[in-house]
Amino acid sequence: MKQAGFPLGILLLFWVSYVTDFSLVLLIKGGALSGTDTYQSLVNKTFGFPGYLLLSVLQFLYPFIVDPENLLIGRHFIIVLSTIAFTLPLSLYRDIAKLGKISLISTVLTTLILGIVMTKVVSLGPHIPKTEDAWIFAKPNAIQAVGVMSFAFICHHNCFLVYGSLEEPTVTKWSHIIHVSTLISVFISILFATCGYLTFTGFTQGDLFENYCRNDDLVTFGRFCYGITVILTYPIECFVTREVIANVFFGGNLSSVLHVIITTVIIIVATLVSLLVDCLGIVLELNGVLCAAPLIFIIPSACYLKLSDEPRTHSDKIMSCVMLPIGAVVMVVGFVMAITNPQDCTHGQEMFYCFSDNFSLTNISISQFQLTTQVSILNISIFQ
């Protein structure tokens, strides 16, 4: 919302969700046309080894985006402990269907977090001054916003795994599941984005939890729930990375020993990345434009256009022809903008409105504040 403009941001969320819905169905249609049952085999049959290699790199890199929590005391210890105790054991499953109940728990926790964010619009929002450009229709960083939204909706890299776990997998059944899932996802995303932006407007951080004050017990509980959702969700991503390695180097089959070794290595590397990174915004942007954009916009469209015998005027082909160049623009332009103009990150420092002396600022015009990445400096030099 901060990057795109609030009204345009809402429209873009609907658009990205529609594209996600369409491309997920398109992937399974492509698999049916090519007689393949994995994303990698689909691209390999369509574009040969170069396409197969490119997709493998994208799928392998994507799951290495992990949750970089604020720099709190014991942060590194907590990450390592939770990884050993929960993430690694869950990632060692061979059947992705066994993670179904775990994913349900994650969904319930997400609903709790959403309730907390909605509550804070009323309790915290009035105490935070609104920025001058809070309600303009569009902003020049909209493409960056598309990258972040793409990250939020990307699940293409494991859709064949989920499709294969259905009791009776058919394109029709898959389409119904995707339509319902995407509708629920965009509803939750819009509520999150709207409530978060209404509360903080131009002060909104790349990681929304950085905007809330440390002494807020309800939000602290929300952070805890969010950490649990990451722990429960990451094993699904690990499945994809492990499958890529198995397909590229071991012909798709892993012995029990190799299964454990490769899973452990993946988790160790991902944990090391999480220990080194503490700013979520730039991570979401880069992953969104470099991995999510081609996996959502470009590759499904390219595969379907090459495999389908439908006439050029068919709706699926027209949509694919539109998605492909848009994805290329989002990928290239979004990458440049993410590097030159990354999202703000306070690195765990308190925002100015968290200090009790500053709640009198509610009715002051925000023009006196410079919305830059130096917000944390203002916190120390002006408001303490």
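Is Tyr-212 buried or exposed? Tyr-212 is buried, with a relative accessible area of 3%. Here, buried means under 20% relative accessible area, exposed means over 50%, and partly exposed lies in between (1.4 Å probe, protein chains only).

## Ground rules

This is a predicted model, so local features need pLDDT of at least 70 and side-chain atom pairs count only at pLDDT 80 or more, while totals for chains, interfaces and linings use all residues. Residues are numbered from 1 along each chain as its sequence is written, and side-chain values use heavy atoms, with hydrogens and water left out.

## The overall fold

Let's start with the whole chain. The protein chain has 12 helices and zero strands; helices (H or I, at least four residues) and strands (E, at least two) are DSSP runs, numbered from the N terminus. Of its 384 residues, 51% count as buried.

Contact means heavy atoms within 4.5 Å. Among contacts between residues at least 6 apart in sequence, 83% join residues at least 24 apart.

## Helix α1

Helix α1 covers residues 6-34, and its end C-alpha atoms are 42 Å apart, which agrees with the 42 Å that its 29 residues should span at 1.5 Å a residue. The expected span of a helix is 1.5 Å times one less than its number of residues. Most of α1 is covered, with 21 of its 29 residues buried. Just after α1 comes Gly-35, with a positive phi of about 70°.

## Helix α7 and the turn that follows

Two polar residues of α7 are worth a look. Thr-182 lies in this helix and is buried, with a relative accessible area of 9%. Its side chain reaches the backbone oxygen of Ile-178 at 2.7 Å, which fits the rule for a polar contact: a pair of N or O atoms within 3.5 Å, where within protein one must be able to donate a hydrogen and the other to accept it, and residues adjacent in sequence count only if both atoms are side-chain atoms. Not counting residues up to four places away in sequence, Thr-182 touches Ser-17 and Asp-21. Ser-189, also placed in α7, is partly exposed at 22%. Leaving aside neighbours within four places in sequence, Ser-189 is in contact with Leu-13 and Phe-153. The C-alpha atoms of Ser-189 and Phe-153 are 9.3 Å apart, although the two are 36 residues apart in sequence.

Thr-201 sits in the loop between α7 (171-200) and α8 (217-249). Most residues other than glycine have a negative phi. Thr-201 is not a glycine, yet has a positive phi of about 40°. At 0% relative accessibility, Thr-201 counts as buried.

## Helix α8

At the N-terminal end of α8, Asp-216 acts as a cap: a side-chain oxygen lies 3.2 Å from the backbone nitrogen of Leu-218. The helix has 33 residues and reaches 48 Å from its first C-alpha to its last, close to the 48 Å expected.

Further along, α8 has a kink of about 25° at Thr-233, shortly before Pro-235. The bend at a residue is the angle between axes fitted to the seven residues ending there and the seven starting there. The charged end of Arg-242 sits over the ring of Phe-239, 4.7 Å from its centre; this requires NZ of Lys or CZ of Arg within 6 Å of the ring centre and within 35 degrees of the ring normal. Just after α8, Gly-251 takes a positive phi of about 65°.

## Aromatic rings

Rings of Phe, Tyr and Trp (its six-membered ring) pair if their centres lie within 6.5 Å; planes under 30 degrees apart count as stacked, over 60 as edge-to-face and the rest as tilted. By this rule the count comes to 13 aromatic pairs. One of them joins Phe-200 and Tyr-212 edge-to-face, at 5.0 Å centre to centre with 75° between the planes. Phe-200 lies in α7 and Tyr-212 in the loop between α7 and α8, so the pair ties together parts that are 12 residues apart in sequence. Phe-200 is buried at 0%.

The rings of Phe-352 and Tyr-353 have centres 5.3 Å apart and planes at 70°, so this pair is edge-to-face. Phe-352 is buried at 2%, and Tyr-353 is buried at 1%. Ring pairs link these residues into a cluster with Phe-200, Phe-203, Phe-209, Tyr-212 and Tyr-226.
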